[in-house]
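Thanks for coming. I will go through one structure, starting at a single residue and ending with the whole chain. Please have a look at it first.

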Amino acid sequence: MKNFINEFKKFAMKGNVLDMAVGVIIGGAFGKIVTSLVDDIIMPIIGAITGGVKFAGLAIKIGSAEIAYGNFIQNIVDFLIVALCIFVMIKAINKTAEKMKKEEEAKPEEPKGPTQEELLAEIRDLLKENK
């Protein structure tokens, strides 16, 4: 049992697991922002354009069953907006990373100092001169 606990600790403390946990938390927060964007800004604009139609309320009744296709449309719109936001965010991150890489490549290399062997040879020569 103790071996199992130690193995689990090693697994849980690996960098990838911690990175994933941070990603999930940030993703959840980002999801709330996008949901607010869709619900509070985009959908009211679409509702105004379509004459006040709210997708969530659209449904077809077939006998005693109700097919709520409006919720399906709403979820598609939500997905497309989330995908667009993620695409724009990743594109910006990649552009920034590329710019940083180019700046790093453009930096001139600092002049290298003498090697250890060169310093020792110089010290040897100075000692020979002072004898």
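Let us begin with Pro 111, which sits in the loop between α3 and α4, the latter covering residues 116–130. A word of caution before going on: what you see is a predicted model.

Is Pro 111 buried or exposed? Its relative accessibility is 77%, so Pro 111 counts as exposed, the cut-off being over 50%. Now compare Pro 111 with Leu 37. In sequence the two are 74 residues apart, and in space their C-alpha atoms are separated by 52 Å.

Next, the helix that comes before this loop. Helix α3 runs over residues 69–106. How far should α3 span? It has 38 residues, and at 1.5 Å a residue the expected span is 56 Å. The C-alpha atoms at the ends of α3 are 55 Å apart, which agrees with that. Within α3, the buried residues include Gly 70, Gln 74, Val 77 and Ile 81.

Tyr 69 is also part of α3. With a relative accessible area of 32%, Tyr 69 is partly exposed, because that value lies between the 20% limit for buried and the 50% limit for exposed. Tyr 69 also belongs to a nonpolar patch on the surface, together with Ile 60, Ile 62 and Ile 67. Taken together, these four residues have about 360 Å² of accessible area.

From the patch, take Ile 67 and look back to Ile 49. These two are 18 residues apart in sequence, and their C-alpha atoms are 24 Å apart in space. Ile 49 belongs to helix α2, residues 15–49. At a relative accessibility of 69%, Ile 49 counts as exposed.

Now the whole chain. Which elements does it contain? There are 4 helices and 2 strands, and along the sequence they follow the pattern α-α-β-β-α-α. The radius of gyration is 31 Å, whereas the globule rule gives 14 Å for 131 residues; the chain is well over that value, so it is more spread out than a compact globule. Along the principal axes, the C-alpha atoms fill a box of roughly 110 × 55 × 20 Å.

How much of the chain is buried? Of the 131 residues, 8% count as buried. The chain exposes about 11,700 Å², and 66% of that is supplied by carbon and sulfur atoms.

Last, the contacts. Among those with a separation of 6 or more, 39% are between residues 24 or more positions apart.

That is the end of my part.

Definitions and conventions: Residues are numbered from 1 along each chain as its sequence is written. This is a predicted model: local features need pLDDT of at least 70, side-chain atom pairs count only at pLDDT 80 or more; totals for chains, interfaces and linings use all residues. Side-chain values use heavy atoms; hydrogens and water are left out. Patches are made of residues with over 30% relative accessible area and no salt bridge: like charges are joined within 9 Å, nonpolar side chains (Val, Leu, Ile, Met, Phe, Trp, Tyr) within 5 Å. Accessible areas come from the Shrake-Rupley method with a 1.4 Å probe; for residues, only the protein chains shown count as cover. A salt bridge is a side-chain nitrogen of Lys or Arg within 4 Å of a carboxyl oxygen of Asp or Glu. Buried means under 20% relative accessible area, exposed over 50%, partly exposed in between (1.4 Å probe, protein chains only). The expected span of a helix is 1.5 Å times one less than its number of residues. The radius of gyration is taken over C-alpha atoms; the globule rule is 2.2 Å times the number of residues to the power 0.38. Contact means heavy atoms within 4.5 Å.
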